[in-house]
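I opened this entry to look up how the ligand is held and how the aromatic rings are paired. My notes follow the structure.

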Amino acid sequence: MSAEQQAGRAEQEGPDGGAGTPAAPRLVLASASPSRARILEAAGIPFTVLVSDVDEDAIAAANPLAGPAETAELLARAKAEDVAVHAEAAGALVVGCDSVFELDGVAYGKPWEPEVALERWRMQSGRTGRLHTGHWVVDTRGGAAISRPAAGALSSASVTFAEVEEVDAAAYVATGEPLQCAGAFTIDGRGAAFVESVDGDPNAVIGLSVSTLRTLLADLGVSLTALWQS
Ligand SMILES: Nc1nc2c(ncn2[C@@H]2O[C@H](COP(=O)(O)OP(=O)(O)OP(=O)(O)O)[C@@H](O)[C@H]2O)c(=O)[nH]1
């Protein structure tokens, strides 16, 4: 741990390492994703939600040379920075995430429409793709809007799908679940029926890697475990 991180952690935990501990930083999740919220809840991390209103398609279109992974990082940063300027986020650590599915080098977001989701399953049945989730944390505790400390990282995992019959893909699409998920699948919902293996952090596939968040907070001098007591 760097000296800066140690200083930050000591400040967070207090010089006596516990008693008289200043309040742990507040976390704001800049996401409408119920899956991301569930991950933080299950990880015992208190947070509030402030949904960003960035135009993801416009940002992706403005960065045509960005590949799937870079797009996920760009969008995660855009969401966190969009929320970090809100008064309700003042003094908090603002966490933005974005997930993009990559197959054969092509980026796939949410299918939105049933026929698009069905076409995705025809394409990805029996195949392996990568789900990239970008993470970006903006530290607004210092107040200064200019050059606020921030940290970002990508977490990716390979997902291998079973061979899926057309009738089963249609039944899955008919549930509506895949329409709002990057890559038209979940690994922790009905989509699990068609997932053979995940190689990487499963939470990165679902939408927020807690271990990645821990390292980003540490880069900002914040101990994730100290948030458990807050
Ligand atoms: N439960 C679950 N959700 C998944 C999975 N894969 C992708 N998703 C969800 O698919 C969505 C990807 O879209 P994003 O644009 O990153 O996020 P969003 O849902 O639009 O929410 P914002 O952060 O407000 O943009 C996220 O909500 C992810 O949680 C999965 O395996 N399980």
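Before reading any distances I fixed the term: I count a polar contact as a pair of N or O atoms within 3.5 Å. I also kept in mind that this is a predicted model.

**Entry 1, contacts.** I looked up the side chain of S31 and found one of its N or O atoms 2.7 Å from an oxygen atom of the ligand, which means that the pair falls within the 3.5 Å limit for a polar contact. For A32 I noted a polar backbone atom 2.8 Å from an oxygen atom of the ligand, while for K79 a polar side-chain atom lies 2.8 Å from a ligand oxygen. I then checked the cover, and the protein hides 92% of the 620 Å² of accessible area that the ligand has on its own.

**Entry 2, the shell.** I counted 21 residues around the ligand, and the closest of them are S31, K79, K110, D188 and I206. Sorted by class, this shell holds 8 nonpolar, 6 polar and 7 charged residues. I traced at least two shell residues to each of α2 (34-42), β3 (92-103) and α7 (202-206). As for the site, I find the ligand in the largest pocket.

**Entry 3, aromatic rings.** I obtained 7 aromatic pairs. One that I followed up is F101 with F161, whose ring centres are 5.9 Å apart and whose planes meet at 70°, so I recorded the pair as edge-to-face. Because F101 belongs to strand β3 and F161 to strand β6 (residues 150-161), this pair ties together parts that are 60 residues apart in sequence.

Terms used
Residues numbered from 1 in each chain as written. Predicted model: local features only at pLDDT ≥ 70, side-chain atom pairs only at ≥ 80, totals over all residues. Heavy atoms only, no water. Near = heavy atom within 4 Å. Polar contact = N/O pair within 3.5 Å; in protein donor to acceptor, adjacent residues only side chain to side chain. Areas by Shrake-Rupley, 256 points an atom, 1.4 Å probe, with all protein chains shown as cover. 1 Å grid on protein atoms, 1.4 Å probe; cavity = no way out; pocket = protein on both sides within 12 Å on 5 of 7 lines; lining within 4 Å. Sits in = over half its atoms within 2 Å of the grid points. Helix = DSSP H or I, 4+ residues; strand = E, 2+ residues; numbered from the N terminus. Nonpolar A, V, L, I, M, F, W, Y, C, P; charged D, E, K, R; others polar. Phe/Tyr/Trp six-rings, centres within 6.5 Å; stacked < 30°, edge-to-face > 60°.
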